[in-house]
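Thanks for sending this one over. Here are my notes, point by point, to read alongside the structure.

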Number of protein chains: 2
Amino acid sequence: MPSLTKKAETFTALVLEVFQLNGLLLQAGDRLSAPAGLTSARWQVLGVIDHGPVTVAAVARTMGLARQSVQQTTDALASDGFVEYVDNPNHQRAKCVSLTAAGRRALRKVEQAHAAWAERMGASLGPGVLAAAVEGVREARLRLEKDLNPEEGSHEE
Amino acid sequence: MPSLTKKAETFTALVLEVFQLNGLLLQAGDRLSAPAGLTSARWQVLGVIDHGPVTVAAVARTMGLARQSVQQTTDALASDGFVEYVDNPNHQRAKCVSLTAAGRRALRKVEQAHAAWAERMGASLGPGVLAAAVEGVREARLRLEKDLNPEEGSHEE
DNA sequence: GTCAAATCGACAGGAACCTGTCAATCTACC
DNA sequence: GGTAGATTGACAGGTTCCTGTCGATTTGAC
């Protein structure tokens with residue numbers, strides 16, 4: 001460690017904590033969604049599609065992921081019968097993804113489990129600490145976004 | 001969203017923020033380490049090995065990852081000449097991993113870039129917000145660890 | 001000393017992300 | 001109406017993690 005200042009050291013500690021928490025959250029998400037036959041990634045995609053039939057590319061933009069990643073997940077969901085591709089009146093090639101009855105059922109099931117879990121975790125954390133954590137992480141995210149990608153308003157290039 | 005309480009909603013917001021921040025941090029780490037010919041994952045492994053020659057399994061325990069993941073990264077580092085396997089006096093089969101001169105050089109380079117970046121980010125965040133973020137995320141991590149894995153003191157099974 | 005259990009490297013296979021490239025399609029400008 | 005540019009799905013290939021299994025080695029109980 002090449003002699004970090006205190007600020008830099010605290011920021012580094014935040015980075016390590018976020019890495020660890022992220023890993024645990026993925027694990028928790030998998031555990032929540034497994035009983036419904038889903039995984040974290042597939043559940044999140046279903047959640048976006050639940051707002052209404054959309055194209056794969058639109059889901060990717062919403063989630064901040066690459067188009068191809070979401071395509072892969074969506075294809076897997078389709079082959080498991082949780083979603084289906086329906087015609088898009090605005091585009092011949094880019095079909096819309098829509099929930100099937102089974103998909104809706106699975107999503108509702110995961111959402112119930114998620115609600116109970118979030119309630120439990122939120123209650124065990126104390127409102128002050130929780131709010132401060134959200135605030136701090138959001139601030140860090142915004143600064144980092146600016147740091148990684150200066151010159152960028154609302155239009156991703 | 002099946003009617004979450006305020007606590008649960010705030011916790012869910014934390015989860016989403018952590019996911020996003022995690023992605024940006026990985027991106028930042030790759031950018032920091034790319035000029036040295038490394039990636040986030042390989043840099044982190046090099047950092048552990050820098051503390052002294054250790055076995056792959058020990059590195060994995062230190063980082064909280066599966067043995068096999070670290071083995072893969074270490075093999076890649078070895079084939080790029082950043083580390084080498086040296087005999088382990090305590091074990092015939094489990095060799096120790098040691099930094100090469102090139103590995104040490106690359107690691108120092110990344111650490112310098114990391115120090116400047118952490119300084120910049122830490123300075124732009126305000127000490128209060130930063131400390132609160134670390135505190136809050138750590139608390140959340142500890143609760144989540146307990147939630148995922150009750151009954152566990154210091155001995156991982 | 002012997003034998004069971006834990007640990008280790010090696011290998012196979014999978015999940016979830018990424019980049020890069022291609023042709024098909026839509027959009028916008030002229 | 002035609003064409004340039006952006007967007008989209010499809011495909012290939014790579015990275016970083018995972019689980020599961022195997023034989024080799026070390027460790028510990030007896």
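1. How much area is buried between chain B and chain A, and what part of it do carbon and sulfur atoms give? Bear in mind that this is a predicted model. The buried area comes to about 5,500 Å², and carbon and sulfur atoms account for 74% of it. Three residues deserve a look here: Phe11(B), Glu17(B) and Leu148(B) supply 12% of the area that chain B buries against chain A, more than any other three residues.

2. On the residue count, chain B brings 53 residues to the contact and chain A brings 54 residues. The side of chain B that touches chain A is made up of 30 nonpolar, eleven polar and twelve charged residues.

3. Which elements of chain B build that side? Helix H1 (6–33), helix H5 (101–123) and helix H6 (127–148) each supply at least two residues. The largest share belongs to H1(B), with 20 residues.

4. Please also check the polar side of this interface. Eight salt bridges are counted between chain B and chain A. One of them joins Arg138(B) to Glu17(A), with the closest N and O atoms 3.4 Å apart. In addition, 14 residue pairs are in polar contact across the interface, with both residues at pLDDT 80 or more.

5. How are the two chains related? Chain B superposes on chain A by a rotation of 180° with 0.1 Å of shift along its axis, at an RMSD of 0.2 Å. This is therefore the relation of a two-fold axis. In chain B, Ala133(B) has the C-alpha nearest the axis, 2.3 Å from it. Both copies use the same surface, as 100% of the contact residues of chain B recur in chain A.

6. Now to the DNA, beginning with strand C. It is surrounded by 22 residues, the closest being Thr39(A), Ala66(A), Gln68(A), Ser69(A) and Gln92(A). Of the atoms of DNA strand C that come within 4 Å of the protein, 61% are in sugar and phosphate. The surface near DNA strand C divides into six nonpolar, ten polar and six charged residues.

7. Both chains take part in the surface near DNA strand C. Chain A contributes at least two residues from each of helix H2 (40–49), helix H4 (67–79) and strand E3 (91–99); chain B does so from each of helix H3 (56–63), helix H4 (67–79) and strand E3 (91–99). As for phosphate oxygens of DNA strand C, a polar side-chain atom of Thr39(A) lies 2.5 Å from one, and a polar side-chain atom of Ser69(A) lies 2.4 Å from one. From chain B, an N or O atom in the side chain of Gln71(B) is 3.3 Å from a phosphate oxygen.

8. DNA strand D is surrounded by 21 residues, and the closest are Arg61(A), Thr39(B), Ser69(B), Gln92(B) and Arg93(B). Sugar or phosphate holds 58% of the strand D atoms within 4 Å of the protein, and bases hold the rest. By class, the surface near DNA strand D has six nonpolar, nine polar and six charged residues.

9. Which part of DNA strand D does the side chain of Gln72(B) approach? A polar atom of that side chain lies 3.1 Å from a base nitrogen. Thr39(B) has a side-chain N or O atom 2.4 Å from a phosphate oxygen of DNA strand D, and a polar side-chain atom of Arg42(B) lies 3.0 Å from a phosphate oxygen of this strand.

How values were computed:
Residues are numbered from 1 along each chain as its sequence is written. Chains are lettered from A and ligands numbered from 1 in the order in which they are written. This is a predicted model: local features need pLDDT of at least 70, side-chain atom pairs count only at pLDDT 80 or more; totals for chains, interfaces and linings use all residues. Side-chain values use heavy atoms; hydrogens and water are left out. Contact means heavy atoms within 4.5 Å. Buried area is the accessible area (1.4 Å probe) that two parts lose on being put together, summed over both. A salt bridge is a side-chain nitrogen of Lys or Arg within 4 Å of a carboxyl oxygen of Asp or Glu. A polar contact is a pair of N or O atoms within 3.5 Å; within protein, one must be able to donate a hydrogen and the other to accept it, and residues adjacent in sequence count only if both atoms are side-chain atoms. Helices (H or I, at least four residues) and strands (E, at least two) are DSSP runs, numbered from the N terminus. Ala, Val, Leu, Ile, Met, Phe, Trp, Tyr, Cys and Pro count as nonpolar, Asp, Glu, Lys and Arg as charged, and the others, Gly among them, as polar. Copies are superposed by least squares on the C-alpha atoms of residues with pLDDT of at least 70 in both. A residue is near a molecule or strand if one of its heavy atoms lies within 4 Å of it.
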